Each structure stands twice: as C-alpha cells, then as structure tokens.
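Me: I'd like to learn how to read a fold like this one, feature by feature. Could you walk me through it?

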Amino acid sequence: QATKGNDHKISILLNKADNVTTQQLMRVYGALMWSLGKVIDTPEVARVYVGSFWDQPLKNEKLRELFEQEESDLYSKIAQLPRSASIRKVNDLIKRARLAKVHAYLLDFFLQKDANILWACQRARTNDTRSAEHLPRDFRAEGHSVG
C-alpha cells in the first residue's frame, strides 16, 4: 500500500549476483519475483536488474555477458528518466483535464435539471395550484411536493 500510485517509479537491483551460482541466482530471482507480485500491485512484472555493481572483479565469470547487458539496460533507463518524467507529467495533466471536463458536464447537467425543477415549482406556486401535472416527470417520480 505504501507504493500505491508510484509502482511505475520503482526499479529493483539485485546486486552482487556474482557471489552465487547460476542455479542459485535463478532461484533467488524467482523467489524475488514471486514476493514482489504480492507487494507491487501491477498487471506487468516489475523490472529487476541483475548484476554486480561494484569495483571488485567478478567471482562468477559465466554471468559476465548477462551482467553487462543488464548494466547497459539500467544505464539506458537512467538516461531516459528526465524524458519519462516529462511524459508522466503531461499524462497526469491530460488525466486531470479529462476529469475536469467530466465534472463540468455533470455540473451543467445537474444545474439545468435543478433549474427546470425550481422554475416548475415557482410556476406552480404563482398559479396557486396543487396539481403536479405540469412538473417534470422525474421530479414527480421522486415524490416532491409543490407547496
């Protein structure tokens, strides 16, 4: 619940992955993804970058190519962050504009409906009649009284 609404901003790094064997890494990765599925409530799987992000030489050379590709992907994502932030801000602005437009339509609808009801009630009072035949049907159906 703490990440709700910010799920798209989360990047996960599995660091020092060269300390384990390939089989252990796959088990850890699978367990991590299973646990993240419960925490991050999104339809798509969270991106997990696997590597050894430190100055020491790799302990498991079998994974060098994977780590280099993951590091390249991570740096590309970091380079795109300013652009992604701008796109997210524009999308949020569009979303708010759409909600404001819907709100304005709803207000207009209900204000017109209320104005028609008030006008009909006012007319009924000036005619000094208790007949509700000239009132709008939806107003009469709600059981409002004229007097």
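**Reading the fold**

Reply: Sure. This is a predicted model. A good place to begin is contacts: of those in the chain with a separation of 6 or more, 54% are between residues 24 or more positions apart.

Me: Which helices and strands should I look for, and in what order do they run?

Reply: The chain has three helices and two strands. Starting at the N terminus, the order is β-α-β-α-α.

Me: How much of the chain counts as buried?

Reply: Of its 147 residues, 18% count as buried. As for the outside, the chain exposes about 11800 Å², and carbon and sulfur atoms supply 55% of that area.

Me: How do I read a nonpolar core, and which residues form the largest one here?

Reply: The general idea first: in soluble globular proteins, nonpolar side chains tend to be buried together. In this chain the largest nonpolar core has twelve residues: Ile12, Leu14, Ala17, Leu25, Met33, Leu36, Ile40, Val48, Val50, Leu58, Leu63 and Phe67. Strand E1 (12-14), helix H1 (22-39) and strand E2 (48-50) are the elements that give two or more residues to it. H1 gives the most, with three residues.

Me: Let's zoom in on one core member. What does Leu58 touch?

Reply: Leaving out residues up to four places away in sequence, Leu58 touches Asp18, Ser52, Arg64 and Phe67. Phe67 is itself one of the core residues.

Me: Now the charged side chains. How many salt bridges are there?

Reply: The count comes to three. To read one, look for a side-chain nitrogen of Lys or Arg within 4 Å of a carboxyl oxygen of Asp or Glu. Glu70 and Arg47 make such a pair, at 3.1 Å from N to O. This pair links distant parts of the chain, with Glu70 in helix H2 and Arg47 in the loop between H1 and E2, 23 residues apart.

Me: Is Glu70 buried or exposed?

Reply: Glu70 counts as buried because its relative accessible area is 11%, and the cut-off for buried is under 20%. Arg47, at 32% relative accessibility, counts as partly exposed.

Me: What else does Glu70 touch?

Reply: Glu70 lies in helix H2 (residues 64-126). Again skipping residues up to four places away, Glu70 has Arg47, Val48, Tyr49 and Val50 as its contacts. Val48 and Val50 also belong to the largest nonpolar core.

Me: Which other salt bridge involves Arg47?

Reply: Asp73 forms one with Arg47, and their closest N and O atoms are 2.9 Å apart. That pair links distant parts of the chain too: Asp73 is in helix H2, 26 residues from Arg47 in the loop between H1 and E2. Asp73 counts as partly exposed, at 36% relative accessibility.

Me: And where do Glu68 and Arg64 lie?

Reply: Both are in helix H2, four residues apart, which is about one turn of the helix. Their side chains meet in a salt bridge at 3.9 Å, N to O. Glu68 is partly exposed at 45% relative accessible area, and Arg64 is partly exposed at 34%. By contrast with a lone pair, shared partners join Arg47, Glu70 and Asp73 into one salt-bridge network.

Me: One last feature: which residues form a nonpolar patch on the surface?

Reply: Val102, Leu106, Phe109 and Phe110 do, with about 390 Å² of accessible area together. Val102 lies in helix H2 and is partly exposed, with a relative accessible area of 47%.

Definitions and conventions:
Residues numbered from 1 in each chain as written. Predicted model: local features only at pLDDT ≥ 70, side-chain atom pairs only at ≥ 80, totals over all residues. Heavy atoms only, no water. Core = buried A, V, L, I, M, F, W, Y, C linked by side-chain atoms within 4.5 Å. Buried < 20%, exposed > 50% of the residue type's maximum accessible area, 1.4 Å probe, protein only. Contact = heavy atoms within 4.5 Å. Areas by Shrake-Rupley, 256 points an atom, 1.4 Å probe, with all protein chains shown as cover. Patch = residues over 30% accessible without salt bridge, like charges linked within 9 Å, V, L, I, M, F, W, Y side chains within 5 Å.
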